[in-house]
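Biologist: Could you take a close look at one spot with me? I'm new to this, so please spell out the terms as you go.

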Amino acid sequence: MNIYRLRQKMWLAISYVLLILIAVVTIYPALWIVFSSFREGTSLFSETLLPQKWTLEHYRELFTTLSFGTWYINSLKISIITMVLSVIFQLLTGYAFSRFRFKTRKTIMSGLFVIGLFPSFLSLMAVFVLLNNMKLLNTHTALIMVSSAGAAVGYLLVKGYFDTIPKSLEEAAIIDGASNWGVFFRILLPLSRPLIVYMAVTSFAGTFSEFIFAQTILRTEDKQTLAVGLFNLVNTQTSTQFTVFAAGSVLVSIPVVLIFIIFQRMLVEGLTAGAEKG
């Protein structure tokens with residue numbers, strides 16, 4: 001019995017040590033960027049973590065000499081619209097596969113599943129050619145379309161969650177005269193709030209930091225997003241504005257961090273939604 005307790009304590013101690021190491025590896029780079037944004041000069045290198053002299057000049061420079069405000073508004077607009085469309089597409093797709101039976105149902109599900117296994121940037125050239133033929137390059141509409149179109153691939157989580165909702169609730173609503181749309185809006189959506197929050201937050205965060213398609217589609221500075229604008233800030237060999245880049249990175253992280261903190265409880269529930277069928 002004493003040996004068993006000793007092993008338990010040893011594994012617990014090892015677990016805490018590993019968690020501390022993971023926390024240090026995760027938090028230290030973030031702290032370095034935050035403190036670098038308040039450090040004088042243009043270099044990220046410093047012998048100390050805390051800056052010897054604090055300054056807000058890098059934050060002022062973002063809005064005085066760069067189009068940071070425009071980039072921020074562009075990113076928020078694209079992310080919010082994409083978030084709404086993505087959630088709608090995923091909910092409708094998951095509802096159709098969960099509650100309806102049709103001939104090509106399994107084929108479409110398998111096809112979407114296989115497509116989801118491949119990275120989205122593999123279709124970059126094809127998407128570029130299509131958008132060029134449609135005269136949509138350098139428009140926010142194009143980026144919203146591209147970001148939202150792949151949302152249906154995430155139907156599996158929604159379908160799994162809807163499968164856990166008893167069909168007796170829908171049958172009772174149908175007996176009372178509710179249509180399929182009525183069942184969807186009055187029964188399924190209110191019960192799927194944690195899942196909807198999870199999909200909305202992850203969609204917003206992913207689009208807000210999206211770079212590959214944004215860099216390919218958006219050409220002019222007034223159309224760029226935060227990821228593209230900040231990358232171009234330090235992209236050339238002669239670029240030395242690393243502390244300004246750090247300041248921009250801090251401001252970029254604020255909305256995403258706040259959203260995750262506010263909806264933390266629902267995110268945990270939504271992450272495990274549909275994990276098992278009841």
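Let's pick Leu124: does Leu124 count as buried or exposed, and why?

Modeller: Sure! One heads-up before we start: this is a predicted model, where local features need pLDDT of at least 70, side-chain atom pairs count only at pLDDT 80 or more, and totals for chains, interfaces and linings use all residues. Residues are numbered from 1 along each chain as its sequence is written, and side-chain values use heavy atoms, with hydrogens and water left out.

Now, Leu124 counts as buried because its relative accessibility is 19%. Buried means under 20% relative accessible area, exposed means over 50%, and partly exposed is in between (1.4 Å probe, protein chains only). Leu124 sits in helix α5, which covers residues 124-133. Helices here are DSSP runs (H or I, at least four residues), as are strands (E, at least two), numbered from the N terminus.

So what does Leu124 touch? Leaving out residues up to four places away in sequence, Leu124 is in contact with Ile212, Phe213 and Thr216; contact means heavy atoms within 4.5 Å. Take Thr216: it is 92 residues from Leu124 in sequence, yet their C-alpha atoms are 8.2 Å apart in space.

Let's zoom out to the chain. Among its contacts between residues at least 6 apart in sequence, 71% join residues at least 24 apart. The chain has 14 helices and zero strands, and 37% of its 278 residues count as buried. Its C-alpha atoms fill a box of roughly 75 × 70 × 35 Å, taken along the principal axes.
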